[in-house]
Amino acid sequence: MANDTIMAPADALDALYGSDTFGIKTMEKYLSKSAFKKMLTTVQQGGRLDPSIAEEVAQAMKIWALSKGATHYTHWFQPLSDATAEKHDSFVEPDGKGGMICEFTGKTLIQGEPDASSFPNGGIRATFEARGYTAWDPTSPAFIKRTAHTATLCIPTAFCSYTGEALDKKTPLLRSMAAVSKQASRVLHCFGVAHSFVGSDLGAEQEYFLIDRDLYLKRPDLIETGRTLFGCLPPKHQQMEDHYFGSIKERVLEFMSSVDHALWALGVPAKTRHNEAAPAQFELAPLYEPVNVAVDHNVMIMDILQRQALKHNLVCLLHEKPYACVNGSGKHNNWSLSTPEMGSLFSPGTTPHSNLLFLTMLAAVIRAIDLHADILRASISKAGNDHRLGAQEAPPTIISIFLGEQLTDIIEQIKKGGAKRSAVKSQVKLGVDTLPTLPKDTSDRNRTSPFAFTGNKFEFRGVGSSQTCAWPMTILNTIVAESLDYVASKLEAHAGKPGFNDAVTELLREMVTKHDRVIFNGNGYSDEWVKEAARRGLPHIKSAEEAMGVMVRKDTIALMDKYGVLTKAESVARKEVLMENYIKLIDIEAKTCLNMLRTIYAPAVESQLTAICNTVAAIKASGVKHGLKAAADKASRIGELYDQIPLRAKALEKAIAVCDAAKMRAAMDAARQTVDTLETMVDADLWPVPTYAQMLNVHSK
């Protein structure tokens, strides 16, 4: 049986890539020509699967999976959490003669029946209403999930209740992809552009931290909550800016290589790896893929990162802010719309000022973000992200769009009647003859912008590192679909007629004039921007609690329902699940904080006080004239803080008893302040848990 850590020399990478995936290359080998052609149409164009080929596909998938050592299969889905779910069934069936056969049918492939009662549902299902269904998503390839001694066929699926409500994150995502494809196609038809279909694409960068496993196991807060509830910054952390893109240390590079090889076997196009800004922080970035495949692959990336880390005696931390006061981790979602014939619909070309289709698509996105900034903000609402947004290079909670100088200049021209020119793209001259002259991109990069245009796509930087990308992309697709619907409805009466370009120009002027308030190219961290955003009337939603309420507003529910993405019941359910998870997480953090105060930190401080008091007694007994005051003063300072611990504990108890998230957060912050001050005063050999200085160094072993 193959080991789940797959390493291959460079000349074997082609054979390795996708070897554990029932992708196009594998399907072509195992299916008849007619069945393969029908599957290819479904996979590449999102058409409805021909049910007549289900049995043949199931048999081919079974034969392939068995050849890979698989004994079980599972319908792999993403419930209303940031985890995945799977129930394993073996291929084994009794043959009635005392033996066995391996069985897998088309019906089994297409539909499964898990118990739906114990998954988050937001009130859609009662506990006694247990039946649910999984439905195969043929556009996302099945794959083999390996451990050291097992192999399981995983079939990506959607998950719904007995009455048809979506109980997962994939179903609304697929609906949103269909919605934005339909509306974008209407716009393309207006421009007379021939195309097969419009797809939404995603490349999701994944940031993460690594910590030595032995240190991790000594931190109950990391184990229980994913972040440190206590801890002081060491004198040197990220302020020297020497970790970002720095030389990757051997231990980490070995880990990264094992991750890449495992992902390549699964057909995940892992492309880039590098050190991130904070010590012990890193990034993995894949290439572009269709949104639903990219979402599945990102969930697989998170799983592989965590599993491979353990093999290197490391733990991968995916929390948005595992350490206070250093960079948090995000998941930059690079999104675009494209057709097979044209590529990205956001490609400006060499003369973007005269590229009316590009400008129309750009204006539609500007309108969507301006009208629905609060919904987009709500899509990234999570307790962990509250600690990250607006701090240490994370984007602010005010949603705006960065376009860069060239496109902003074109927008200003449009507002005045029409764009006549594009600012000439200059070149970067380095002043050394042996170095090449570099062409400048259309725009610079703005790391403080939550939604930035980056050449031929948009980068949504607000998504949290532990989130699945499914929900933010569902919202983004839907709000852009609404805006493209608006555009198409305005232009369809003029399509193919004289004066069409004039109608487009007038529509562009109307849209950018009305919605350009959301364009901001400056420093999103500045106090001036907060004031300016308020003057412009942009929403400033500071917390996850506030953001979650946006999902159940009448206009939000109507928007999601209009484009067939979520029914009213499904929208309300998602808000309920998000809020319930938020409260539960804060409660877990508060209880962990309380336990650590009483059982870890208080005893350590007691030991320190005892040691100092013994020193004071010894000095007095010795008759030595010096040192007594210093020892007594130290005992007094530590004693004052020690007196605060039971007060902090009592405040936590009260907040936990009433389950008030704001009070629990405030009580935890006060407890942290006390303990972090004590960390700077208690002897290092008496401090009971690993410090930031130790945890942020993963290179020593």
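**Buried residues and aromatic pairs**

At 2% relative accessibility, Thr 157 counts as buried, because buried means under 20% relative accessible area. The model described here is predicted. Thr 157 is part of strand β9. Residues up to four places away in sequence aside, Thr 157 touches His 75, Trp 76, Phe 77, Thr 134, Ala 135, Trp 136, Asp 137, Asp 168 and Lys 170.

Two of the residues touched by Thr 157, Phe 77 and Asp 168, come up again below. Asp 168 offers its side chain to the side chain of Thr 171, and the two make a polar contact at 2.8 Å. Thr 171 sits in helix α6, which covers residues 170-190. With a relative accessible area of 15%, Thr 171 is buried, because this value falls under the 20% cut-off. Once neighbours within four places in sequence are set aside, Thr 171 is in contact with Ala 158, Phe 159 and Ala 166. For a sense of scale, Thr 171 can be set against Met 596: the two are 425 residues apart in sequence, and their C-alpha atoms are 41 Å apart in space.

Attention now turns to the aromatic rings. Across the whole structure, a search finds 21 aromatic pairs. One of them joins Phe 77 and Phe 159, whose ring centres are 4.4 Å apart with 40 degrees between the planes, a tilted arrangement. This pair links distant parts of the chain, 82 residues apart: Phe 77 is in the loop between β2 (72-76) and β3 (88-90), whereas Phe 159 is in strand β9 (residues 151-161). Both Phe 77 and Phe 159 are buried.

Tyr 323 and Tyr 692 make another pair; their planes meet at 80 degrees and their ring centres are 5.1 Å apart, so the pair is edge-to-face. Tyr 323 belongs to the loop between β15 (314-317) and β16 (333-339), and Tyr 692 to helix α23 (residues 692-695), so the pair ties together parts that are 369 residues apart in sequence. How buried are these two rings' residues? Tyr 323 counts as buried at 0% relative accessibility, and Tyr 692 also counts as buried, at 1%.

Aromatic residues can be found in a wider grouping too: Trp 335, Phe 346, Phe 358, Phe 451, Phe 453, Phe 458 and Phe 460 form one aromatic cluster. A ring can also have a charged partner, as with Tyr 486, where Arg 367 lies over the face at 4.0 Å from the ring centre.

Conventions
Residues numbered from 1 in each chain as written. Predicted model: local features only at pLDDT ≥ 70, side-chain atom pairs only at ≥ 80, totals over all residues. Heavy atoms only, no water. Helix = DSSP H or I, 4+ residues; strand = E, 2+ residues; numbered from the N terminus. Buried < 20%, exposed > 50% of the residue type's maximum accessible area, 1.4 Å probe, protein only. Contact = heavy atoms within 4.5 Å. Polar contact = N/O pair within 3.5 Å; in protein donor to acceptor, adjacent residues only side chain to side chain. Phe/Tyr/Trp six-rings, centres within 6.5 Å; stacked < 30°, edge-to-face > 60°. Lys NZ or Arg CZ within 6 Å of the ring centre and 35° of its normal.
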